[in-house]
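Morning, everyone. Please have the sequence and the structure up on your screens. I'll start with the ligand site, then turn to the rest.

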Amino acid sequence: MNRYDVDLFVIGGGSGGVRAARIAAEHGAKVAIAESNRWGGTCVVRGCVPKKLMVYASEISRTLDDARGQGWAIPPASFDWPTFLAEKDKEIARLSGIYVRNLQNAGAELAHGKARLVDAHTVEVDKVGTRTADKILIATGGRPWMPKDLPGCEFAISSNEAFHLPELPKRIVIAGGGYIAVEFAGIFNGLGVEVTLVHRGPNLLRGFDDDIRSHLAEELEKRGITVVLGAQHTAIEKTPGGLLSKFSDGHERESDVVMFCLGREPYVEGLGLEKVGVKLTEKGAVAVDDHSRSSVENIWAVGDVTDRINLTPVAIREGQAFAETEFLGKPTRFDHEMVASAVFSQPPIGSVGLSEADARHRYGKVDIYLARLKPMKYAFGGDERALLKLVVECASEKVVGCHVVGPDAPEMIQMAAIAMKLGVTKAQWDATCAVHPTLAEELVTMREKHVPMSLGQVA
Ligand SMILES: Cc1cc2nc3c(=O)[nH]c(=O)nc-3n(C[C@H](O)[C@H](O)[C@H](O)COP(=O)(O)OP(=O)(O)OC[C@H]3O[C@@H](n4cnc5c(N)ncnc54)[C@H](O)[C@@H]3O)c2cc1C
């Protein structure tokens, strides 16, 4: 007789938890999984998927403008927010249903409710009951961080609510400089909303390559987004006309909606981790080793709750690696190096490997190749520029960074990531024949080393 009710109990039915539960169950393990909200988690319900659907909808206005420049006669177009929301919700429900079916088909027990640890082998789920488990996986993700002490914070929304606004605002103030902030700035701008993006730092997208950061800020302004850097909210007040944002630089701005995109925090509240001895990092994430094992031997954690690289494919691969190691007898460790990422800003970004600054810090000498050009897509209108940049480590001649801002950059970067994961050198990269006419061909035709202004001046 089994000592425990199940072999594996997973807390969190998002990207990482579902993958681990499904793989373990498909390979004969007795699995239960708890989800307190909707199956599919952040990515499907209030993250990547609805966000990308909104990006697609918002890009239409630009496409219509371009079409007019190309000779199309298009009567003034209008956008109906409720129609979009209904279609978006239908698609999210369909995807969430697929997650449920996949888990059921694999034979996992689905427990709908908030779960907490009673002890290292017992999980209690609201309205479901308790289960004992040999192994437990924490995959509870993250949630938006809100500055609760800020006067008027209660008037602001987070990305969670942005997907369900009862009506499309005329004016929005978005606070934050990360990828979620710039993506929503583009979405609302494309949908005709007057957007002010306020960030306390000197530039947007901390952690990305500096050329990409300043290029994006310029392009956002060209598209009509007001970008305010070096300022942050000091208060939000309700006014007869809407909400008044007060900023640290003395400026004020009235809008209909204020949205905070100030970062996300690991969702560990109420899980009872301290009680069973699961250690947290300084930032409150579950501390894990290379195999995602926590400080308690039979408890693991994957995905955003561990705050390693907070992206869906990473959570999935961590969940897969855990299941393969523990239930398939195939020890697997997910390699967090060279993970490509996209920012679905408008224009979008694709990035893999090191920024120039990080590469200089790690390797000392690096060569830079950089192209800035007007994409052919916009030949008949607008003054948008694309930027493509390669960072090459001098000693090994390997391409250690590739960064693109421009149409289809997220699609491009997936392919570049394959070559870079394999350790491609600049000579091998250049030996690849171009695909013409594309923006991507610029990546394989950059021959002249770029001398950054500051270094050129020193030399
Ligand atoms: C607006 C936005 C846009 C994003 N865009 C992208 C993108 O374009 N590309 C990308 O790769 N990533 C994107 N992400 C990040 C991505 O969504 C996350 O990295 C990914 O969802 C993490 O998966 P996870 O399994 O760790 O957690 P989640 O998907 O968050 O799943 C955790 C689940 O656990 C549940 N839960 C929490 N506590 C409990 C409990 N006590 N009991 C039961 N259930 C519980 C939650 O309800 C949730 O469903 C975006 C995120 C946001 C917010």
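Start with helix H2. H2 gives the most to the shell around the ligand: four residues. One caution before I go on: this is a predicted model.

Now the whole shell. It holds 36 residues. The closest are Gly16, Glu35, Thr42, Lys51 and Asp304. Which elements supply at least two residues each? There are helices H1 (15-26), H2 (41-46), H3 (48-69), H6 (179-190) and H9 (312-327), plus strand E2 (31-35). By class, the shell has 14 nonpolar residues, 16 polar and six charged.

Next, backbone contacts to the ligand. Take Ser36. A polar backbone atom there sits 3.1 Å from a nitrogen atom of the ligand. Asn310 places a backbone N or O atom 3.4 Å from a ligand oxygen atom. At Thr312, a polar backbone atom is 3.0 Å from an oxygen atom of the ligand. How much of the ligand does the protein bury? Taken alone, the ligand exposes 1000 Å², and the protein buries 96% of that.

On to helix packing. Two packed helices are described by the angle between their axes and the distance between the axes. My pair is H3, which we met in the shell, and helix H4, residues 81-106. The angle is about 145°, and the axes are 10 Å apart. The crossing is right-handed. Who makes the contact? From H3, we have Val49, Pro50, Leu53, Met54 and Ala57. From H4, we have Trp81, Phe84, Lys88, Glu91, Ile92 and Leu95. Count by class: nine nonpolar, two charged, no polar.

Last topic: backbone geometry. Most residues other than glycine have a negative phi, and most peptide bonds are trans. Here are some spots to check against that.

Gln346 and Pro347 are joined by a cis peptide bond, with omega about 10°. Look for Pro347 in the loop between strand E17 (341-343) and strand E18 (349-353).

Then His436 to Pro437. That peptide bond is cis too, with omega near -10°. Pro437 is in the loop between helix H12 (426-431) and helix H13 (453-458).

And phi? Leu205 has a positive value, near 55°, and Leu205 is not a glycine. Its loop runs between strand E9 (194-199) and helix H7 (210-222).

To recap: a ligand with 96% of its area buried by the protein, a right-handed crossing of H3 and H4, and cis bonds leading into Pro347 and Pro437. That's my slot. Over to you.

Terms used. Residues numbered from 1 in each chain as written. Predicted model: local features only at pLDDT ≥ 70, side-chain atom pairs only at ≥ 80, totals over all residues. Heavy atoms only, no water. Near = heavy atom within 4 Å. Polar contact = N/O pair within 3.5 Å; in protein donor to acceptor, adjacent residues only side chain to side chain. Areas by Shrake-Rupley, 256 points an atom, 1.4 Å probe, with all protein chains shown as cover. Nonpolar A, V, L, I, M, F, W, Y, C, P; charged D, E, K, R; others polar. Axes fitted to C-alpha atoms, helices over the stretch in contact; angles between N-to-C directions. Left-handed = near helix turned anticlockwise from the far one by under 90°. Contact = heavy atoms within 4.5 Å.
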